[in-house]
Structure formats: C-alpha cells, structure tokens
Amino acid sequence: MLEIKNFSKTYAANGACPSPAVENVSFTLRRGDLLVLAGPSGCGKSTILTAAAGLAPPTCGQILLEGRPVTAPPKEMALVFQDYANSLFPWRTVTGNVLFALEGKGLSRKAMRDAAASSLESVGLGGFGDHYPWQLSGGMQQRAAIARGLAYGAEILLMDEPFASVDAQTREDLEDLLLRVRERYGITVLLVTHDIDEAVYLASRILVLSKRPSTVAAEITVDLPWPREQVGTRSLARFIELRNHIHQLLKAGAPSL
Amino acid sequence: MSSPRKRSLFEKASGPVFFLSLPLLWEAVSRSGLVSKLYFPTAADIIAVWFSLMADGTLPLALYQTFSRMAAGFFTAACLMIPLGAAIGLSPRLRLLFTPAIELLRPLPPPAIIPAAMLFLGIGSSMKIFVVFFACSFPILINAMEGARRVPRLFTDTGRVFGAGKGRLIWRVILPAASPRIMSGLRVALPIALIVAVLSEMVGSVDGVGHFILHMQRVFSIPQMYAGVVTLGLAGWIINALFMLADRKLLAWYGGWKRGGA
C-alpha cells in the first residue's frame, strides 16, 4: 500500500558540498506488515520516515500511497515521534491531545469524547485523560502518543525510534502494547529503530540499511511464530540466529576503525 | 513536585509590616521639620484628602478617564500586533519587509511623538489612546514575532500529521505554543501603557489623573497632588495583580512543562 521508489535525499549544508544521506532506497509496505527499518545511527532511517509521512519531500524518487504520490501528510497515516515531550502538546491534557487528532473529522463533541476515551483505554491510560502529558512518565506519554495515532483512524502507523527514550522495562511493555493494538486495530506499521533485538522481536520484515549514504543492505523476513512473547521469543534459537545475522550485516557495513 | 518549605513568621510578616510602616515613616519625616511641611504634608493629611477626593468622585472620575485611555490603547495594540507579529514571525518574507521599520521605530521614546500626535489629534482622548497604542505596540509585536518564530518544528509537524490545515495550525498549535512569549510582551507593555497614558495627560490634557497631579502641584494643593500619586500607585498595583492572575491561569501548563513535570 505504501511504496518508496528510488528514494534519495541530499542535504546541502551552507557552503559545504551537498552530502547524500540516503541513496536509492526502494521498498514496499504491504497491508498488515510490521516493517522495521534498522540501521546504524545517522544512517537516514528517520529521513525516510519523515518523507513517507509527507513532511519533507525526497530529493529524488517517489513515495506512493495506494498509487498516489504523497505530497502532504495523508489522513491514512499517523506518526509517533521519538521525542514525545515535544510532540504531545503541553498546553493540552492527555485527552485534549487525543482530541486534536479528531478535530478535523467533523464528529460531534460526544462522539469525539467517546473515541478519545476508548483509544486511551486501549493503551491502558483509562484514568489519565485529565492529566497533562508532562505530569506522566515517559512510557505513559508515548502511550498517549500511540492513542492519538489510533484515534486518528490511521491505517498506517509510522514510528520513529518510538521506544528509544524510555527505560528497558517500559520499553518491553510498550513493544508488547504495540503488538497488541496492531492486532486489535489491524494497522500496518513502519517502525525505525537502531536496536537489533527490538527489530527482530517486533518485525514481520526487516529492512537493514547500510551506513550513510544508506542503501538497502538486506531484506529479511522474520519467520518467528506469533504471538511474540518477551521471554519465550527472545530465547528461541531462530531469534538469536536472526539477531546475529543482522549484527554481521551491520558490522560489515560499518566504517572500520 | 515537593511542597514549598514552610515560611517562618518573620518571612510571612516582614513584607506587610514594612508596607504598613511606610506611612509612619513618612509621618515621622514630615513632623521632624527636616523638610518643609508645605511640600511634605503629613501622611495623615494625605490619607484624609485622598478619602475625601475619592468620596466626592474627583479621583474616581480622573482614574476612569486615565484607565479607559490606557485600556483602549493597550487592547488595540494587542488586537493588531499579536496577529501581525505572528504573521511576521512565520513568514521570512514579511520579516525582511518589516524588520528595518521596526528596528528604526523601536528605540524611539514614545513621549517624543506626543507633540506630533497633538497636532493631528488635538488634546482629547484620541491623542492619548494613540500614544499608548504606539508605545505598547513594540513590545507586543516583537514578542509575538519571536514567539511564533520559535515554535518548535515538532509541534507544527505534529499538527500537520494529524490533519491540521493552515487555520487550525495557527489557532490551535502556533498561538498556544507562542502564548508564553505573547504574554510576556503584554506583561512588558502593561506598565508602559499606564506610564504613557499619565504622561500624555500631563503634557496636553484637561482631565485624567496625570492632569490632576500636575494641576494640583501648580495650584499648591500639595496633599491633593500626593493623593493623585497614591491613586496611581494603587491602580498600577491592582492592574498588575489582575494581569498576573490571568497569566498564571493561562500559562499554568508552561511552568509544569518547563520543570519537566512529575
């Protein structure tokens, strides 16, 4: 449903030579996928995601959603940012933030309130609607951001290092939450991470990107059984095998010291 | 957030006690004969005169005149300069267009335009409203400009991702995000509005507290003159307190967010 074709992005710094960040990346996100873009820090993963969301056009190449080019943020997609503290509006309560995603839809006040309440319920923030985001922990703020994406009715959830700024325990909870809501809402997910374990644990497919300027180094189908389970899945021989394989790929692509 | 430390009796009482002792100090200086009683009447005299001027409606009327001019100028400036500032802050092209004019006019002391304003608008209310408007415009404009310009990219990106068009982006994202800065512009402009209103009444007027104070000095009604000053002091204090109240209510989120919340 979402096609990235020959995507390239070049950043021209003032005075300096323009340097390519992403070179000729192509892939297709299919309905129901949980596709993970994995690669070293600074390899341009987020650049691809931001472009896919319609926030910044690529230098070359095309982004097609159901065959139509993406030029502005489409209503079929919601984005969950890494920096939750600055993407949830601090002047709105948690419910207010979720309502923001519903305000353009022409619903009645009551329908909006109900939709916001049910999406907060589904991420386990039932009793926290009246809090301000900054009164909550990082994990809870990211749950609120996910609830906002769900309320928006997006078919595709784009996630930019969504769990990179929370502690390990919270991260596992959020990973499982993502898998649960994906199942329940039938959404397609494109997620960016630099964490190989997270990539293997979550993904149905992984796209391994090389170092800058990044190209697709490998595409791996993750054939681990569903549902995934933190302890069980991570101790499967196949999990470790995939993990090591990706590790090798990234090491091969990393600059030698 | 930890609850604030309990304040000792000394800390709690020192402010009000000092405030209440000012009239006593005044009284003592006046009675000591160090300065002429004519210029430095006793606090008791001033307070008595103040009450009678309040009771016969002289000061309330003058205050109403001053305050309505100040408010008209201030609110006109706010209504025009917040949108204009936001627009300039958001558009690099408008910034190039307006910046030289703003930078040129900004350092101009507002009283300097009073004589010219008198030529065009006379010595009635419209002249004072205009001068207050002019004086308030710059702090409001510049803060609205900076506020809109510095709205984090992530806020506007978030707005766009969730389907906000231009109007919703401005009203629901940019203005709230810039509101702390906009409020500080208003906070700076407020005392300026009072100062300039009073000053313009002293320069060219037949009414208002500014005129009253100057007139009483000229006819040697010194306690009356001080009563006018006291009135302005109290009015300024009340206006500021009301503004702070609104500020705290509107920007409650800002403090919490900056502190990092929980």
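On a 1 Å grid over the protein atoms alone, a pocket is an open set of points where a 1.4 Å probe fits, with protein on both sides within 12 Å along at least five of seven lines, and lining residues have an atom within 4 Å of a point. A volume is the space filled by probe spheres set on the points, which are joined across faces, edges and corners.

This is a predicted model, in which local features need pLDDT of at least 70 and side-chain atom pairs count only at pLDDT 80 or more, while totals for chains, interfaces and linings use all residues. Residues are numbered from 1 along each chain as its sequence is written, chains are lettered from A and ligands numbered from 1 in the order in which they are written, and side-chain values use heavy atoms, without hydrogens and water.

The largest pocket holds about 660 Å³ of space. Among its 15 lining residues, Phe19(B), Leu22(B), Pro23(B), Val230(B) and Leu234(B) are the closest to the centre. H10(B) contributes the most to this lining (helices are DSSP runs of H or I, at least four residues, numbered from the N terminus).

The second largest pocket has 13 lining residues, of which Phe74(B), Phe75(B), Leu190(B), Ile239(B) and Phe243(B) are the closest to its centre.

| Pocket | Volume | Largest contribution to lining |
|---|---|---|
| Largest | about 660 Å³ | H10(B), 6 residues |
| Second largest | about 260 Å³ | H3(B), 6 residues |

Phe19(B) belongs to helix H1 (residues 9-32) of chain B. Phe19(B) is exposed (over 50% relative accessible area, 1.4 Å probe, protein chains only), with a value of 55%.

Methods:
Helix = DSSP H or I, 4+ residues; strand = E, 2+ residues; numbered from the N terminus. Buried < 20%, exposed > 50% of the residue type's maximum accessible area, 1.4 Å probe, protein only.
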